[in-house]
Amino acid sequence: MGTTGIIFDIIVSFLVAVLSGMGVGSAGLLVIYLVQFAGVNQITAQGINLLFYLFSAGASFGLHLKRRTFFPSLILWLTVMAIPGVLLGSRLTFILPAKLLKKAFGVMLVFAGTVSLKRIFSNFSGKQTERR
């Protein structure tokens, strides 16, 4: 990869970070770019996405501390509930074929995008969607 490719990757990463910070598409956009345009395999792209998320979450955590919107009991509960999902998900990446993982990831992105669009359009029409 030449200098131009590295610069382009940095620009795309920056744009994905900005969009993620605005709540558009999350860092899943980075996986799409890496797999479809940069030629990275799905598992590696998801690993890079997790690293990307780690830095994003760290910045967000600092902001929440500054604004005093940090709730330790909620963080503890979410962490305890996430551990089984992480263990199961990491095991499934070794068991399931890559094609199935790609399709499942695509379905998840379409679902998340549909929910986001529904919220956006309901806000434009004056309806307030209930967040659970």
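Helices and strands are taken here as DSSP runs, with at least four residues for a helix and at least two for a strand. On that basis, the predicted model comes out with five helices and zero strands. Reading from the N terminus, the order is simply α-α-α-α-α. Not much of the chain is hidden away: buried residues account for 12% of the 132 residues. As for long-range links, take the contacts between residues at least 6 apart in sequence; 34% of these join residues at least 24 apart.

The buried part of the protein is best seen through its largest nonpolar core, which has 10 residues in all. Its members are Val12, Val16, Leu30, Val31, Tyr33, Leu34, Val35, Ala45, Phe52 and Phe105. Helices α1 (3–21), α2 and α3 each put in at least two of these residues, and the top contributor is α2, with five. One of the core residues, Leu34, touches Gly39, Val40, Ala45 and Ile48 once its neighbours within four places in sequence are set aside.

Next comes the pairing of α2 with α3. The two helices pack at an angle of about 145°, and their axes lie 9 Å apart. Their crossing is right-handed. On the α2 side, the contact is made by Gly28, Leu30, Val31, Leu34 and Val35; on the α3 side, Gln42, Ala45, Gln46, Ile48, Asn49 and Phe52 take part. Sorted by type, the residues of this contact are seven nonpolar and four polar, with no charged ones.

Gln42 deserves a closer look. This residue sits in helix α3, which covers residues 42–67. Gln42 has a relative accessible area of 6%, so it counts as buried, the cut-off being under 20%. Apart from neighbours within four places in sequence, Gln42 is in contact with Val31, Val35, Lys102 and Phe105. Of these partners, Val31, Val35 and Phe105 also appear in the largest nonpolar core.

Phe105 leads on to helix α5 (residues 98–124), where it is buried along with Leu101 and Ser122. Helix α5 has 27 residues and spans 39 Å from its first C-alpha to its last. That is close to the 39 Å expected at 1.5 Å a residue. The cover over the buried residues of α5 includes α2 (28–36), α3 and α4 (72–95).

Finally, there is Arg68, which belongs to the loop between α3 and α4. The phi angle of Arg68 is near 60°, a positive value in a residue other than glycine. In terms of burial, Arg68 is a counterpoint to Gln42: with a relative accessible area of 76%, Arg68 is exposed, whereas Gln42 is buried. The 76% of Arg68 earns that label because exposed means over 50%.

Notes
Residues numbered from 1 in each chain as written. Predicted model: local features only at pLDDT ≥ 70, side-chain atom pairs only at ≥ 80, totals over all residues. Heavy atoms only, no water. Buried < 20%, exposed > 50% of the residue type's maximum accessible area, 1.4 Å probe, protein only. Contact = heavy atoms within 4.5 Å. Expected span 1.5 Å × (residues − 1). Core = buried A, V, L, I, M, F, W, Y, C linked by side-chain atoms within 4.5 Å. Axes fitted to C-alpha atoms, helices over the stretch in contact; angles between N-to-C directions. Left-handed = near helix turned anticlockwise from the far one by under 90°. Nonpolar A, V, L, I, M, F, W, Y, C, P; charged D, E, K, R; others polar.
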